[in-house]
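Dear colleague,

I am handing over a structure to you with this email and would be grateful if you could look through it. My findings follow below.

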Amino acid sequence: MPVPIRHYIAVRYTLFFVGLLCLLCGRKYALAQAFIQKQSVVNLSSPQFQNRSTAAITMDANGRIWIGTLNGLFISKGNTIVPIELPRPNDKVISTLYLYGRHVYVGSNEGISRVHIDSLSSSVIPLKDENGNSISNYCMVVQVNGDKMLYYTGYNSGAYYEYNLKTGKSKFLVNQSDGFRGIKTDKFGRVTKLWAIETTGLIEHDFSVRPVTTARYFKTAGQPVFSIWEAHLDSSDTLWCATNKGLVGMEINTHGYRQVSFPQYGVYEITDLVLQGNQVICATKNAGLIIWDRSANTTRQVLHRPDDIHSLISNNIEKLQIVNSKLLLVATDIGISVVALDQSLQFAYIPQYKGTLNSIVAGNHNWLAGIGPRALLVDKNSFRVKDSVRFGEDEYMLTAKELKDGNWLLITNKNVLWWHGGNVARLSTQPERTVICERIVKLNDSNYFFCGQTGIYSWHVGDNYITWLKHTDNEPYQWYSAVIPVNDSIVFSNAYLSFIKGHKKMGDRLSPIMLFKMSGNVNDWLLENDNEVLLAGTNGISYINIKNKSLQFVDTSFHESIYHILCRSTDTLLIGEHNLYRFKGKKIVPFHVPFTGLLNINSPNRLVADNRSLWFTNGTELYHMPLHLSVDTTQYYHAELRYNGLPAANDIALPASTNLVLNVSSISYLPYVQPKIRYRLSGIENTWNTLDGEQIRYTQLQPGTYKLVIQAVAGAQVLYSRQITITASPAWYQTIWATVGLALLVVAIIYYLFTRRVRVIDRKAQEALALQRQMNELENKALRAQMNPHFLFNTLNSINHYILNNDTKEASHYLTRFSKLVRLVLDNSRREYISLEKELEALNIYLELEMMRRNNEFDYSITVKPEVDASSFIVPPLILQPFVENAIWHGLSTISKDGFIEIIAAAVDDDGVCITIEDNGIGYKAPAAEAKKGHSSFGMAGTRDRLTLMHPKNDYRIDTLHDEKGAPNGTRVSVYIYND
């Protein structure tokens, strides 16, 4: 028996959804195992959302964040949060959000609602118990899977119900008197066990069996009572719980527990947690994020910092959720922080010391970091503090320089220090003055120069003093921003460029040999060869050619202030007011950094670089950002394309007559940049289309191969680019096989119709031939019947009788009438039809001859009614002769005198004539004696066939007439003939 087509469809969709479910589960559990050190934070806030406790949070496929609070439902739009109206006006206390398919299921104090993630339209899910009573109080959605929804409600003292989304009926599962705090354990997305907390301990509900079983754990004496806000089960069957007393691990198999405390952070109450590999990320009440690595047993803290827009928006965290193992949603009391878990920006901490990180200077093997009133010698790799020096009160390090012997020269806001051999010496000035400098320049191993707000100073290694270099009248400015060693010369820069001749030990006077007037202050410099100096200033980049004594501006249209130049072996980096640039081949190219404003560092002592990375400080912490010649901008912008509900592949085979619809969802880690998405389909478009909405749609693509290019751009910077090959399949009727098949079908149809027509024509010809044969045979029979031997013999005998009796007159008359009859019969037999008038004429001659032959034993009459046009009404020739012959030979055979035959032609219906032949003989059934005579009409057998061939309604009927006593006294033959 063939399988119904609906079974194939059911199997196909079942396999599709099973594959999709496995894919989603695989993505959910394939979490990164690395320690979460890479973070980029984007904050979203709204006045309507602030100070509202968050109960649930999720992110949809469009990259929007849904927030359920104790005062309504909200959604993120751009960098703001706006409210969503639910169908019931009292839906304010949102308890849970569950994303399934294209809907978000919202549990609240009024029951459960469903909101479409695209249209944001909402509807109420009508919940009722088995008795039909409405369930409209506090509800929480536990799980939605297919057509079934598991939920908890405070109705009837608290219980779990299973709701069928198709039938609209709820089924009671088990009572639970306390609030729901659940966790799913089945990796295939089916809820098997849920845990809830009561004052007596932990309760386990097993939904994998029917009826639902309930077990209690942790009833041992002295067991502390925890209020559990959230729980997650790890691979070792430890249920990690966020409680009001910290992080607690419930060991399900052994019924034990262990508490993990973080006293160094002052953490008491943990509001939520998520697991990622060996990492437990805890949300706290007032201490930000605590990240605990269980394998290494190390912890770190992520806080809100008022001076950093890229930190958490608040330390009061209420809810966490990981999205696609890439994003961490952090819901706080005043807004949402979106933390990118895999970004290149990294935090680096020196945990032994706290305070403001004023400057960071790179040495050969160590960092020298100025943190508060200290200078710390820190190992570059391990960040372990190797040595330190403490300054005086309100003193902090501005900059430093590592000397040839590994010792350090330091400048603070109050002193110049020489740190050598573990000792610190304060260098005095001649004359005594405060040195406020932020740059130290090495001329050679013995001579160093300082420049800053109070002028230019020189120091010879080994001296316990520094020399203030006086300026001349031609050099009126004392604020110097750069000291540039060029061969044996020194270039001092402020608003002017001053060149002096250098010596091993400088004097105390400045004698310029060259002077250039600059258009702005010089912030930094770089000697590219023996004669060219690259200058960075408030008006961009310029070159000084010392040999040719010329000044050249690199890009007159570039007006951004450049604070610092970083030289690497591969290229030159420029730290600008708003961005990081690469300078190569005398061209300034933006080196995109997604953290606008974070690199606005006007002090070079807070930024250093090597060939691999850039280190800088914002005053509180040290940041590290890897540098590459080609920047992967996708780390700052994430976009996802979905086709038919699944992530779009690089090659899409588009079925015939199917519209191409790609859903685009994206999230930008650029808080002050809003990229736009553009797309173009090669072969159809030459210009870019700007995405308006969340779908890329093309309708009725012609068969062929196309290249769809999708880009996210911010100005001239391409942040994201994706190319997808679209192969539009032809419809079945557009394929070569369909063309060949159609041609074969047309040929087959033509052949069939041709052969069928030939068969029909042949059959009709055969039928016509058979009919003609039949008619010819009937005509022959009729002719034979009409001219039967008895009639001819009797007629000739009668003529002979008249001749023998010398009655020549009668013989001649008889012979004349007979010859006329023969002529009429022969003439009519050649025609298919004759008029009724000719038929009656021949019949009249035949009756006259028979009456004469029988010595006038009978008489006859022929009558045509006036309504009958005998001259135009046609009949088969001699069709009536057999009936008249039967009347004479059978009906009147026993009558010797007074016999009578009456023929009447009368109209019947509209197009027919009824001809009656009536005699007064012995009736239709002849006596046996008459039958033995062996005489019968030869024409009677084919008469009915001849009538029917002419018209299907033609027929005749024979009736026997009776007298008053019922004895037969005649026969009536009624012949019906129709003309169309």
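Two strands are said to pair if DSSP finds at least two bridges between them. By that standard, strand 4 (residues 72-77) pairs with strand 5 in the antiparallel sense, over 5 bridges. Within this pairing, Ser76 stands opposite Ile81 of strand 5. Please note that the model is a predicted one.

**Overall composition**

The protein contains 8 helices and 71 strands. It has 980 residues, of which 49% count as buried. Among contacts with a separation of 6 or more, 51% are between residues 24 or more positions apart.

**The sheet around strands 4 and 5**

Strands 4 and 5 belong to an open sheet of 4 strands, with the order 2-3-4-5 and antiparallel pairing. At its edges are strand 2 (54-59) and strand 5 (80-84), each of which pairs on one side only. From one strand to the next, the twist averages 25°. As general background, strands of a sheet pair through backbone hydrogen bonds, either parallel or antiparallel.

**A hairpin**

Another antiparallel pair consists of strand 12 (residues 159-164) and strand 13 (residues 170-175), joined by 5 bridges. Here Tyr161 stands opposite Phe172 of strand 13. Strands 12 and 13 form a hairpin with 5 residues between them, and Gly168 in the turn has a positive phi of about 75°.

**Helix 5 and its neighbours**

Helix 5 covers residues 836-853, which makes 18 residues. From its first C-alpha to its last, helix 5 reaches 26 Å, close to the 26 Å expected at 1.5 Å a residue. Is helix 5 largely enclosed or largely open? Of its 18 residues, 13 are buried, so helix 5 is largely enclosed by the rest of the structure. After helix 5 comes Asn855, whose phi is positive, near 60°.

Helix 4 (residues 808-829) packs against helix 5 at an angle of about 145°, and the two axes are 10 Å apart. The crossing of helix 4 and helix 5 is left-handed. On the helix 4 side, the residues that meet helix 5 include His813, Tyr814, Phe818 and Leu821. Their counterparts in helix 5 include Ala842, Ile845, Leu849 and Met852.

Helix 6 (residues 881-891) also packs with helix 5, at an angle of about 20° and with the axes 11 Å apart. Helix 5 is therefore roughly parallel to helix 6. The contact is made by Glu839, Leu843, Tyr846, Leu847, Glu850 and Arg853 of helix 5, together with Gln881, Val884, Glu885, Ile888 and Trp889 of helix 6. The crossing of these two helices is right-handed. Two residues of helix 5, Tyr846 and Arg853, appear in the contact with helix 6 and also in the contact with helix 4.

In general terms, an α-helix has 3.6 residues a turn, so residues three or four places apart point the same way.

Helix 6 is itself largely enclosed by the rest of the structure, because 10 of its 11 residues are buried. Among the buried residues of helix 6 are Phe883, Val884, Ala887 and Ile888.

**Residues with positive phi outside glycine**

Most residues other than glycine have a negative phi. Which phi does Asn297 have? Although it is not a glycine, Asn297 has a positive phi of about 55°. Asn297 is placed in the loop between strand 23 (289-293) and strand 24 (298-302). With 59% relative accessibility, Asn297 counts as exposed.

Asp394 is likewise not a glycine, and its phi is positive, about 60°. The loop that holds Asp394 runs between strand 32 (385-390) and strand 33 (397-402). Asp394 has a relative accessible area of 59% and is therefore exposed.

**A buried residue in strand 24**

Strand 24 includes Gln301. The relative accessible area of Gln301 is 17%, so Gln301 is buried, the cut-off for buried being under 20%. The C-alpha atoms of Gln301 and Ile290 are separated by 4.7 Å, while the two residues are 11 residues apart along the chain.

With kind regards

Notes: Residues are numbered from 1 along each chain as its sequence is written. This is a predicted model: local features need pLDDT of at least 70, side-chain atom pairs count only at pLDDT 80 or more; totals for chains, interfaces and linings use all residues. Side-chain values use heavy atoms; hydrogens and water are left out. The expected span of a helix is 1.5 Å times one less than its number of residues. Buried means under 20% relative accessible area, exposed over 50%, partly exposed in between (1.4 Å probe, protein chains only). Axes are lines fitted to C-alpha atoms, for helices over the stretch in contact, and angles run from 0 to 180 degrees between N-to-C directions. Angles under 35 degrees count as roughly parallel, over 145 as roughly antiparallel, 65 to 115 as roughly perpendicular and the rest as oblique. A crossing is left-handed if the near helix is turned anticlockwise from the far one by less than a right angle, and right-handed if clockwise. Contact means heavy atoms within 4.5 Å.
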